[in-house]
Amino acid sequence: MKILSLNAWGGAIFDALRAWLPTCGADVVCLQEVTRTEGLSGWTEFTDGHRRLPQRADLFRDMVDVLPDHVGRFVLSDSGPVTGSDGRRRQQDFGIATFVHRGIAVPDGATTFVHGALVRHAEWPSEGRPRVAEALRLVPSGAAAVTVVQVHGLHDPAGKSDTPARLAQAERISELVTRVRAPGDLAVVCGDLNVLPDSRTFDVLAQVGMTDLVRYADTRTSQYSKPVRHASYLLVSDPARVRRFEIVEAPEVSDHRALLVDLY
């Protein structure tokens, strides 16, 4: 089973993402920063007062079209206003999405907020936004079950150092792993955790048997100009089950590099 994790950056480099994603061979695609706007396609503009970004109006629907052999699930964290190409403001949903190949059974799953709770913003804030995680128990035909947990960790303008909120986030991720994983399952935790490699997050997840494969590697692309190059991680409960792990440097499809693991 191949699992891909990527912060999709709202689809800001959509043409490259659309071209590459179907070719990577992933059975499970875990995407963070996914948008969804009812009744709108094409492009929108996002601003939170500190930055202005192009985003796909409905990246979730775009990915449904790009991955016709997969079943997609969208989990909402919050929503707020964006401006469409026609100049009108609309409310856009923001969250994570998981796409699972149709040949893989999904007998169990759960979602949780790892920070905050659902908010529908009148204007996007620059900090303190809620964050969600999703866990799916996956059973490929003729293979052992794998529990996959993906998360988009909280953003703090002060940086990625540990805080009480980030420790609470780690504990909620750990609880979600324990809640959904059945005895004997291989487990994977992936996503844009928004922490540093020496974060206590990894100590908390180690208590439920998770080992980080990324460590101090660069997980950012040339689209990202800040000096701290750590954000995305992928952890497994049994590194011996990893056939191949790659931090994808090219093509660049976001300001984050994709993480791709092949399990057996």
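This is a short tour of a predicted model, starting from one aromatic pair and moving out along strand β3.

Select Phe46 and Trp124. A pair of aromatic rings is described by the distance of the centres and the angle of the planes. Here the centres are 5.4 Å apart and the planes meet at 55 degrees, so the pair counts as tilted, the class between under 30 degrees (stacked) and over 60 (edge-to-face). The two residues are 78 apart in the chain: Phe46 sits in β3 (residues 43–47), and Trp124 in the loop between β8 (119–120) and β9 (131–140). Both Phe46 and Trp124 are buried.

Add Phe94 to the selection. Ring pairs join Phe94, Phe46 and Trp124 into a cluster. The structure has five aromatic pairs. Next show Arg129, which lies over the face of Phe94 at 4.5 Å from the ring centre. A second such contact is found at Phe14, where Arg56 lies over the ring face, 4.2 Å from the centre.

Now display β3 by itself. In a regular strand the side chains alternate between the two faces of the sheet. Thr44 and Phe46 make up the covered face of β3, while Trp43, Glu45 and Thr47 are on the uncovered one.

Bring in β4 (residues 52–56), which pairs with β3 in the antiparallel sense over five bridges. Opposite Phe46 in β4 is Leu53. Four residues separate the two strands of this hairpin, and Gly49 in the turn has a positive phi of about 95 degrees.

Finally, select β5 (residues 70–84). Its pairing with β3 is also antiparallel, over two bridges. Look for Gly84 in β5, the bridge partner of Thr44.

Notes:
Residues numbered from 1 in each chain as written. Predicted model: local features only at pLDDT ≥ 70, side-chain atom pairs only at ≥ 80, totals over all residues. Heavy atoms only, no water. Phe/Tyr/Trp six-rings, centres within 6.5 Å; stacked < 30°, edge-to-face > 60°. Buried < 20%, exposed > 50% of the residue type's maximum accessible area, 1.4 Å probe, protein only. Lys NZ or Arg CZ within 6 Å of the ring centre and 35° of its normal. Pairing = 2+ DSSP bridges.
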